[in-house]
Amino acid sequence: MAVRDRLKGLTARDEQVLRRVGAHLGVLASRDLAVRCRAGLEHSAQAWADRKRELTLESSSRWAGAITKASHDQWALARRCQAAHILSLEAGITAIAHRLAQPIGAKGSKKVPGGYRSRQEWHAKKRRLHVLSDRLERERTDYEAGRVRVVRGGTRLARARHHLAAAQLSEEQWRERWQAERWFLQADGEAGKRYGNETIRLTPDGQVSIKLPAPLAHLANAAHGRYVLSARVRFAHRGQEWADRIDADRAVAYRIHLDIQPGVARSRRDSGRWYLTASWQHQTTAIIPLRAALASGVIGVDTNADHLAAWRLDVHGNPIGNPRHFGYDLTGTAGHRDAQVRHALTRLLHWARKCGLRAIAVEDLDFAAEKTREKHGRNKRFRRLISGMPTGKLKARLTSMAQAAGISVIAVDPAYTSRWGAQHWQHPLTNPKRPTSRHDAAAVAIARRAQQHPIRRRTTPPPHDQSDRMGHRTVQAEPCAAGREETRHRTPDHAHDAPGPDTARTRATSAPNTVRGAPVQLMFTG
């Protein structure tokens with residue numbers, strides 16, 4: 001995936017620094033590519049390390065790594081193109097030889113071609129066969145020796161030097177394009193580093209800074225030998241995906257290049273358009289079973305209008321440590337709100353990775369069609385509350401960010417998680433040093449439902465005025481969260497302690513005890 005944006009608002013000093021850095025690194029890249037091509041098939045890891053060590057003295061370790069990798073990739077690409085060209089020559093020689101062997105004017109079929117139509121065409125193809133045979137022999141010799149031919153700047157532009165009139169270029173325009181194409185201003189991403197790249201750094205607010213090579217360190221206008229450009233970058237296409245990656249410190253590669261349009265009259269100040277291209281690779285999502293995702297425990301997350309309440313549970317459904325709150329402010333512009341949600345999710349994923357967990361449980365909430373007046377009447381405060389909860393955006397953002405972090409997301413039924421969490425977990429988890437809120441208890445309920453444990457800790461003891469007076473005082477709830485959670489085991493109708501007809505109180509207490517569905521696995525990543 002690659003997206004780009006124009007570097008608008010560059011000052012004259014910015015362009016001068018970019019030109020000097022690109023020209024300096026371009027010379028090093030040309031020299032290193034020549035060394036790599038001369039090595040051929042005898043190149044080894046030790047030779048690669050020696051090349052990088054020599055370039056580090058004139059640039060930096062990261063610039064040297066980017067240059068050597070680009071040279072190796074360019075040599076490998078030329079090698080693959082050479083192999084494809086050999087196959088193309090072999091196919092052409094086979095087809096011409098077959099048609100030459102056929103009588104002149106012989107008709108062919110859909111699968112087998114016939115002969116040539118005239119004696120003149122047959123003679124021309126015979127000469128063509130000798131040309132292709134000589135070319136194939138030369139290409140095979142180069143391929144076996146590991147010899148490739150690479151032109152930094154492009155073969156097409158190099159040939160245009162001899163046909164300036166056909167290319168509608170003057171010698172000065174061609175020279176300007178040739179130098180711009182041979183500059184080197186690209187850096188590979190580094191996972192785990194700040195914003196995914198230390199050499200060319202792009203912050204979430206669009207600020208671009210470059211780590212200057214050692215001979216040009218005196219041009220720095222920031223600390224640690226960096227130069228900060230005046231232009232700001234904002235990716236219109238897939239900008240949100242890029243922002244998610246840099247917030248998670250995922251690797252992102254950048255390339256700065258000058259686009260010079262041929263045949264366009266420009267002033268001395270307008271020497272072309274500078275662009276910055278960001279690129280990254282998508283990882284394939286590996287599907288893992290629910291039991292494997294929950295093998296180390298789970299973090300339950302309760303979504304609220306101004307924060308995320310999270311609590312970590314072990315494999316047995318017991319809360320561990322203290323609850324965590326990840327706040328966000330949803331006032332202001334859309335960009336500010338989006339950045340707040342992304343920052344909260346980033347801290348949540350970092351905590352999950354630090355704990356060594358592979359699963360996060362969230363409620364499968366969606367208020368898109370349930371915030372109208374017909375649904376909740378005149379309760380404006382509640383309608384305003386659910387309208388401000390970023391449920392859909394948060395779930396989509398969490399799914400994409402968790403995929404990059406290798407963490408599974410489990411969506412569970414949100415029915416009565418807050419009520420049952422407050423009823424069964426808020427008071428037991430509260431002590432003088434740690435007050436437990438209703439949202440923290442709801443996070444515990446969400447996590448236990450994802451683990452398919454019942455939300456309640458134990459069943460209610462029966463009163464003394466029933467037939468089983470002192471029996472079943474501390475009956476544990478059974479692990480049947482996907483079904484019905486009951487206060488007592490059901491008995492047949494003919495039993496002596498069979499329950500009577502439902503009363504208003506019975507219906508009011510038993511209605512919330514029906515779980516409407518099992519956990520839904522949104523996305524599992526390996």
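User: In this predicted model, between which two elements does the loop holding Gly356 lie?
Analyst: The structure discussed here is a predicted model, and the position of Gly356 can be given by the elements on either side of its loop. Gly356 belongs to the loop between helix α10 (334–355) and strand β11 (359–363), so the two elements asked for are α10 and β11.

User: Is Gly356 buried, partly exposed or exposed?
Analyst: The classes turn on relative accessible area, with buried meaning under 20% and exposed meaning over 50%. Gly356 has a relative accessibility of 43%, and because this value lies between those two cut-offs, Gly356 counts as partly exposed.

User: What distance separates the C-alpha atoms of Gly356 and Gly297?
Analyst: Gly356 and Gly297 are 59 residues apart along the chain. In the model, the separation of their C-alpha atoms is 9.0 Å.

User: How many of the residues of strand β9 are buried?
Analyst: Strand β9 covers residues 307–313 and has seven residues. The strand is largely enclosed by the rest of the structure, because the number of its residues that are buried is six.

User: How many residues lie in the hairpin between β8 and β9?
Analyst: Strand β8 (residues 298–303) runs antiparallel to β9, and six bridges join the two. Within this pairing, Thr303 has Leu308 of β9 as its bridge partner. The hairpin that joins β8 to β9 does so through three residues.

User: Which residue in the turn between β9 and β10 has a positive phi?
Analyst: Strand β10 (residues 319–327) also pairs with β9 in the antiparallel sense, over six bridges, and Ala309 stands opposite His325 of β10. The hairpin formed by β9 and β10 has five residues between the strands. The residue in this turn with a positive phi, of about 85°, is Gly317.

User: Which residue makes a polar contact with the side chain of Ser71?
Analyst: Ser71 lies in helix α3 and counts as buried, with a relative accessibility of 3%. Beyond its neighbours within four places in sequence, Ser71 is in contact with Ala29, Asp32, Leu33, Arg36 and Arg51. The polar contact of the Ser71 side chain, at 2.7 Å, is with the side chain of Asp32.

User: Which helix do the buried residues of α4 pack against?
Analyst: The buried residues of α4 are Trp122, Leu129, Leu132, Leu136, Glu139 and Asp142. In an α-helix with 3.6 residues a turn, residues three or four places apart point the same way. The buried residues of α4 pack against helix α3 (61–101).

User: What length does helix α4 reach from its first C-alpha to its last?
Analyst: Helix α4 (residues 119–145) has 27 residues, for which 39 Å is expected at 1.5 Å a residue. The reach found in the model is close to that expectation, at 40 Å.

User: Which residue caps the N-terminal end of α4?
Analyst: At the other end of this helix, just after α4, Gly146 takes a positive phi of about 75°. At the N-terminal end, a side-chain oxygen of the capping residue lies 3.3 Å from the backbone nitrogen of Glu121. The cap is provided by Ser118.

User: Which strands stand at the edges of the four-stranded sheet that contains β6 and β7?
Analyst: This open sheet has the order β1-β7-β6-β2, with antiparallel pairing. Strand β6 (residues 253–259) and strand β7 (residues 273–279) pair over seven bridges, and Tyr254 stands opposite Ala278 of β7. Each edge strand has a single partner strand, so one side of each is left without a neighbour in the sheet; these edge strands are β1 (2–6) and β2 (186–187).

User: By how many degrees are neighbouring strands turned against each other, on average, in the sheet of β3, β4 and β5?
Analyst: Three strands form this open sheet in the order β3-β4-β5, and the pairing is antiparallel. The edge strands are β3 (200–202) and β5 (226–232), each of which pairs on one side only. Neighbouring strands of this sheet are turned against each other, with direction ignored, by an average of 20°.

User: How many bridges join β3 to β4?
Analyst: Strand β4 (residues 207–211) runs antiparallel to β3, and Leu202 stands opposite Val208 of β4. The number of bridges that join β3 to β4 is three.

How values were computed
Residues are numbered from 1 along each chain as its sequence is written. This is a predicted model: local features need pLDDT of at least 70, side-chain atom pairs count only at pLDDT 80 or more; totals for chains, interfaces and linings use all residues. Side-chain values use heavy atoms; hydrogens and water are left out. The expected span of a helix is 1.5 Å times one less than its number of residues. Buried means under 20% relative accessible area, exposed over 50%, partly exposed in between (1.4 Å probe, protein chains only). Contact means heavy atoms within 4.5 Å. A polar contact is a pair of N or O atoms within 3.5 Å; within protein, one must be able to donate a hydrogen and the other to accept it, and residues adjacent in sequence count only if both atoms are side-chain atoms. Two strands pair if DSSP finds at least two bridges between them. Axes are lines fitted to C-alpha atoms, for helices over the stretch in contact, and angles run from 0 to 180 degrees between N-to-C directions.
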